[in-house]
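Grab a pencil and work through these exercises with the structure open beside you. Try each task before you read its solution.

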Amino acid sequence: MDLPRLETILSRYEGESWDLIPVLQDIQDSYSYLPKDELQVVSERLNVPLTQIYSVATFFKMFSLIPKGKHQIKVCLGTTCHLKGGGRVVESLSHRLGVEVGYTTKDMQFTLETVGCLGSCAQAPVMMVDDKYYGRSTVDKVPKILKLYK
Amino acid sequence: MVWKISDETAFDTLGEEVRLTINGIPIRAPQNQSLLVTARANGFEIPTLCYHRDLPSEGQCRLCVVEIGEHPHTQIVNSCTYPTSPGLVVQTHSEKVMQARRIVLELLLARTPKAKLIQELAAAHGVYESRFKTDDPEELCILCGLCVRTCREVVGVSAISMKGRTPDKQVATPFLEKSPACIGCGSCAFICPTNVIPYTEKNGVRTIWGRDFELQACTVCGNYIEPKYQLEHWAKITGDPVETFFVCKDCR
């Protein structure tokens with residue numbers, strides 16, 4: 001366990017139970033998932049039962065208990081993107097990366113996910129890699145986008 | 001370590017007496033008492049599945065819904081989590097309420113078609129079959145959360161919790177592993193209204209949530225009392241030597 005890394009995150013907060021979600025978000029950002037041993041320490045430090053942490057960690061989609069890839073690909077399948085062919089973009093990505101939705105590639109480079117709405121319906125279909133948006137994405141654009149991260 | 005639910009939802013601060021109307025009958029009750037408790041205290045029966053008087057209400061089952069306000073500005077609320085207030089007008093069995101309850105029962109019947117409790121309650125409301133799809137015909141858990149709350153509030157250890165979100169929500173131990181917090185008391189299995197929590201006692205060993213607990217025999221009569229681990233937990237709370245608890249309540 002990387003204790004200094006966890007201590008850095010915990011030192012930003014006052015150690016109250018309501019700091020749980022921000023702490024988990026920081027751990028998720030830093031580790032790309034929520035490691036079990038770290039959650040045990042968080043439970044002791046924030047005085048929140050491990051059961052409660054497990055409940056929160058499994059409830060929100062942004063948290064993951066298994067390691068995620070270096071880059072996270074989110075394809076929007078909201079109403080507009082769905083109608084504009086978001087499904088085809090997912091299929092193409094899944095085919096090119098060789099993973100199903102929700103899984104991570106073997107080389108731990110990419111995690112493929114679908115989301116409800118990314119809030120940019122005007123640019124449908126939208127996909128996101130890490131923090132960057134790719135609007136009006138098409139099956140043809142998929143290899144070009146992936147190339148930027150390989 | 002006791003995880004306390006926020007005070008706003010617990011209604012543990014009752015205010016002054018207020019006047020309200022339930023089914024047209026004027027009633028007096030302390031302010032901030034839940035509508036469910038108020039109605040039951042005055043003889044109006046409201047069906048519930050997730051309510052227990054010793055546990056904080058969470059409004060999980062939605063069976064206790066009542067209609068508040070006056071026509072046409074009425075609202076359906078959970079009576080177990082809604083506080084009394086001056087002049088409130090409440091209907092416990094209006095057409096709107098009964099319709100809401102029937103839908104809740106229909107959904108529950110689709111989730112747990114084999115649960116006897118749900119079948120009986122549904123039949124009492126005139127619901128015999130469900131329009132909704134059944135995912136798992138063997139499912140018995142209604143996700144009322146009584147076990148989770150009992151473990152947290154009454155036992156005070158919090159060994160189980162809800163995992164995930166619907167439709168995959170379930171009661172589970174952290175990481176689906178053996179929970180180190182569990183003391184093997186079996187309170188969760190006792191409180192479960194549909195008897196879905198697996199629990200066995202065989203040759204002096206109690207198995208619950210995947211863990212085996214050695215049962216302590218009474219030093220006088222030899223009958224099994226409780227898991228040794230649980231008695232050690234009691235000893236830790238009370239500060240008494242653990243041997244104090246090795247005599248069952250009949251032999252004391």
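**Exercise 1. The contact between the chains**

How many residues does the contact take from chain A, and how many from chain B?

*Solution.* Keep in mind that this is a predicted model. Start by counting on each side: chain A puts in 10 residues and chain B puts in 12. Next, look for the element that gives the most on the chain A side: helix α4 (residues 50-59) of chain A, with 7 residues. Last, sort the chain A side by class, and you get 4 nonpolar, 5 polar and 1 charged residues.

**Exercise 2. An overview of chain A**

Find out which elements chain A has and in what order they run.

*Solution.* First, count them: chain A holds 7 helices and 4 strands. Then walk along from the N terminus, and you'll read α-α-α-α-β-α-α-β-β-β-α. For the overall dimensions, picture a box of roughly 50 × 30 × 25 Å along the principal axes, filled by the C-alpha atoms of chain A. Of the 150 residues in chain A, 32% are buried. Now take the contacts in chain A with a separation of 6 or more: 59% of these join residues 24 or more positions apart.

**Exercise 3. Domains in both chains**

Work out where the domains of each chain begin and end, and how far apart their centres lie.

*Solution.* Begin with chain A, where the assignment gives domain 1 (3-59) and domain 2 (71-147). The C-alpha centres of these two domains of chain A are separated by 29 Å. Now do chain B: here you get domain 1 (7-124) and domain 2 (146-246), with C-alpha centres 31 Å apart. The contact between the two domains of chain B takes 10 residues from domain 1 and 7 residues from domain 2. On the domain 1 side, those residues divide into 6 nonpolar, 2 polar and 2 charged.

**Exercise 4. One helix, two faces**

Which residues of helix α3 (residues 36-46) of chain A are buried, and which exposed residues sit on the face turned away from them?

*Solution.* Step one is the buried list: Glu38(A), Leu39(A), Val42(A), Ser43(A) and Leu46(A). Step two is to look down the axis of α3(A): the buried residues fall within an arc of 145°, so they line one face of the helix. A handy rule helps here: an α-helix has 3.6 residues a turn, so residues three or four places apart point the same way. Step three is to turn to the other face, where you'll find the exposed residues Asp37(A) and Glu44(A). Step four is to ask what covers the buried residues of α3(A): the cover includes α1 (3-11), α2 (20-31) and α4 of chain A. Finally, step just past the end of α3(A), where Asn47(A) takes a positive phi of about 55°.

**Exercise 5. The sheet and its helix**

In what order do the strands of the open sheet in chain A lie?

*Solution.* The sheet has 4 strands in the order β2-β1-β3-β4 (chain A), and the pairing is mixed. Its edge strands, each pairing on one side only, are β2 (110-115) and β4 (132-134) of chain A. On average, neighbouring strands are turned by 20° against each other, direction ignored. Now zoom in on one pair: β1 (residues 71-76) of chain A runs parallel to β2(A), with 6 bridges between them. In one of these, His71(A) has Phe110(A) as its bridge partner. To finish, add helix α6 (residues 86-97) of chain A, which packs on the sheet and touches β1, β2 and β3 (127-129) of chain A. The direction of α6(A) makes about 150° with that of β1(A).

Definitions and conventions:
Residues are numbered from 1 along each chain as its sequence is written. Chains are lettered from A and ligands numbered from 1 in the order in which they are written. This is a predicted model: local features need pLDDT of at least 70, side-chain atom pairs count only at pLDDT 80 or more; totals for chains, interfaces and linings use all residues. Two strands pair if DSSP finds at least two bridges between them. Axes are lines fitted to C-alpha atoms, for helices over the stretch in contact, and angles run from 0 to 180 degrees between N-to-C directions. A residue is buried if 20 or more other C-beta atoms lie within 10 Å of its own, exposed if 12 or fewer, and partly exposed in between; C-beta atoms are placed from the backbone. Domain bounds come from an automatic or database domain assignment. Ala, Val, Leu, Ile, Met, Phe, Trp, Tyr, Cys and Pro count as nonpolar, Asp, Glu, Lys and Arg as charged, and the others, Gly among them, as polar. The arc is that of the directions from the helix axis to the C-beta atoms.
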